[in-house]
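Visitor: I am new to this structure, and I would like to understand the words used for it. Could you show it to me?

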Amino acid sequence: MHESDTYLAILDEGQEKHARDAILIVGEELVGPPDESVKARLSAVTDLQRLNRMLRRAVKATSWEEILDTP
């Protein structure tokens, strides 16, 4: 079961959601609450590696744009 594509996809989705939630929490603490466009742009990111880079940047960011523009 641990090797099934469906199981792995569900795990990936969970990791992506966790990363997005963490970015929102850290970003809100440092740069203020995100507006709906920020939330929409963040929701569109599905690359877990990019989300992790965004989270690393969020701890030093001065704006939501700086976080969202992470390659």
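**A guided look**

Guide: With pleasure! About 4900 Å² of the protein is exposed, and carbon and sulfur atoms supply 54% of that; such areas come from the Shrake-Rupley method with a 1.4 Å probe, and for residues only the protein chains shown count as cover. This is a predicted model, where local features need pLDDT of at least 70 and side-chain atom pairs count only at pLDDT 80 or more, while totals for chains, interfaces and linings use all residues. Residues are numbered from 1 along each chain as its sequence is written, and side-chain values use heavy atoms, leaving out hydrogens and water.

Visitor: What elements does the protein have, from the N terminus on?

Guide: They run α-α-α-α, with 4 helices and 0 strands. Helices (H or I, at least four residues) and strands (E, at least two) are DSSP runs, numbered from the N terminus.

Visitor: What makes Lys39 and Glu36 a salt bridge?

Guide: A salt bridge needs a side-chain nitrogen of Lys or Arg within 4 Å of a carboxyl oxygen of Asp or Glu. For Lys39 and Glu36, N to O is 3.7 Å, so the pair meets that definition. Both residues sit in helix H2 (residues 36–43), 3 residues apart, about one turn of the helix.

Visitor: Why is Glu36 called exposed?

Guide: Exposed means over 50% relative accessible area, buried under 20%, and partly exposed in between (1.4 Å probe, protein chains only). Glu36 has 59% relative accessibility, so it counts as exposed.

Visitor: And Lys39, which word fits it?

Guide: Lys39 has 33%, so it counts as partly exposed.

Visitor: How do you know that Arg41 and Glu65 form a salt bridge?

Guide: Their side chains meet at 2.9 Å, N to O, so the salt-bridge definition is satisfied. This pair links distant parts of the chain, with Arg41 in helix H2 and Glu65 in helix H4 (residues 64–68), 24 residues apart.

Visitor: What about Arg41 and Asp69?

Guide: The closest N and O atoms of Arg41 and Asp69 are 3.4 Å apart, and the two form a salt bridge. Asp69 lies in the segment after H4 and Arg41 in helix H2, so the pair ties together parts that are 28 residues apart in sequence.

Visitor: What joins Arg41, Glu65 and Asp69 into one network?

Guide: Salt bridges that share partners do. At 47% relative accessibility, Asp69 counts as partly exposed, and Arg41, at 36%, counts as partly exposed too.
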